[in-house]
Amino acid sequence: MADISYGGSFYFGSTNTPGQLAGLISLSMGGIEVNMIETKSLDQADKWKTFLAGFIDGGEVTAKLNWTSAAVTALMTALTGGLYYYKILLPSGSTLTGRALLKKNTPLDLPEDDRDTIDVTLQLSGAQTFTA
């Protein structure tokens with residue numbers, strides 16, 4: 001069944017119980033990608049390529065948040081590197097959790113006659129867990 005995004009939340013922090021970054025406007029997860037390793041050989045019986053599945057890249061998560069000093073402080077601290085914990089709470093109650101590096105932080109966007117926002121990109125690292 002389809003669901004609307006009302007009620008989604010984004011959590012991020014240095015412990016395995018990350019704190020909520022309030023004011024989530026939008027969130028997008030890039031595709032999880034499996035590296036394909038080509039296994040064809042010149043002496044095989046046909047011309048069809050064959051493959052093995054290689055390493056898995058968890059992709060990226062991008063989020064747009066309403067500007068708050070608490071969110072800016074948490075994200076600026078994360079720029080020093082290291083793995084952080086994240087949790088995405090979906091309106092259905094399902095969660096996506098794992099570890100990530102802060103790849104990009106735009107700590108302030110001040111458009112004319114509109115709200116102030118923060119743009120964040122996380123590079124997911126390691127296995128991610130989806131709980132229905």
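Is Ile 56 exposed or buried? With a relative accessible area of 63%, Ile 56 is exposed, and the legends below start from the whole chain before coming back to this residue. Please keep in mind that this is a predicted model.

**View 1. The whole chain, with one helix and nine strands.** Reading from the N terminus, you meet the elements in the order β-β-β-β-β-β-α-β-β-β. The C-alpha trace spans about 65 × 40 × 35 Å along its principal axes. The radius of gyration is 19 Å, whereas a compact globule of 132 residues would have one near 14 Å. As for burial, 25% of the 132 residues count as buried.

**View 2. A nonpolar patch on the surface, with Ile 56 among its members.** Here we return to the residue of the opening question. Ile 56 sits in strand S5, and its relative accessible area of 63% is over the 50% that marks a residue as exposed. Its companions in the patch are Met 29, Ile 32, Val 34, Met 36 and Phe 51. Together these six side chains make a nonpolar surface of about 570 Å². Two strands each supply at least two residues of the patch: S4, residues 33-38, and S5, residues 51-57.

**View 3. Ala 53 and Val 34, brought together in space.** Ala 53 belongs to strand S5. Its C-alpha lies 6.4 Å from that of Val 34, although the two residues are 19 apart in sequence. Ala 53 counts as exposed, at 62% relative accessibility. Val 34 is also one of the residues of the nonpolar patch in the previous view.

**View 4. A salt bridge between Lys 49 and Glu 38.** The N to O distance between these two side chains is 3.7 Å. Lys 49 is in the loop between S4 and S5 and Glu 38 is in strand S4, so the contact ties together parts that are 11 residues apart in sequence. Both partners can be placed on the accessibility scale: Lys 49 is partly exposed at 49%, and Glu 38 is partly exposed at 37%. Look for Lys 40 here as well, since Glu 38, Lys 40 and Lys 49 are linked in a network of salt bridges. In the whole chain the count of salt bridges comes to four.

**View 5. Glu 60, with a salt bridge to Lys 103 and a backbone neighbour in Leu 124.** Start with the side chains: Lys 103 and Glu 60 meet in a salt bridge at 2.4 Å, N to O. This pair links distant parts of the chain, with Lys 103 in strand S8 and Glu 60 in strand S6 (residues 60-66), 43 residues apart. Glu 60 has a relative accessible area of 26%, so it counts as partly exposed. Now turn to the backbone, where the C-alpha atoms of Glu 60 and Leu 124 are separated by 5.6 Å. Along the chain, Glu 60 and Leu 124 are 64 residues apart.

**View 6. Lys 64 and Asp 119, a salt bridge between strands S6 and S9.** The closest N and O atoms of this pair are 2.8 Å apart. Lys 64 is in strand S6 and Asp 119 in strand S9, and the two residues are 55 apart, so the salt bridge is another link between distant parts of the chain. Lys 64 counts as partly exposed at 25% relative accessibility. Asp 119 is partly exposed too, with a relative accessible area of 24%.

**View 7. A patch of negative charge on the surface.** Which residues gather here? They are Asp 109, Glu 112, Asp 113, Asp 114 and Asp 116. Asp 114 lies in the loop between strand S8 (95-109) and strand S9 (117-131). At 54% relative accessibility, Asp 114 counts as exposed. Asp 113 is found in the loop between S8 and S9 as well, and it is exposed at 78%. The backbone of Asp 113 deserves a look of its own: its phi is near 60 degrees, a positive value in a residue other than glycine.

Technical notes
Residues numbered from 1 in each chain as written. Predicted model: local features only at pLDDT ≥ 70, side-chain atom pairs only at ≥ 80, totals over all residues. Heavy atoms only, no water. Patch = residues over 30% accessible without salt bridge, like charges linked within 9 Å, V, L, I, M, F, W, Y side chains within 5 Å. Areas by Shrake-Rupley, 256 points an atom, 1.4 Å probe, with all protein chains shown as cover. Lys, Arg positive; Asp, Glu negative; His and termini not counted. Charge placed at Lys NZ, Arg CZ, Asp CG, Glu CD. Helix = DSSP H or I, 4+ residues; strand = E, 2+ residues; numbered from the N terminus. Buried < 20%, exposed > 50% of the residue type's maximum accessible area, 1.4 Å probe, protein only. Rg over C-alpha atoms; globule rule 2.2 N^0.38 Å.
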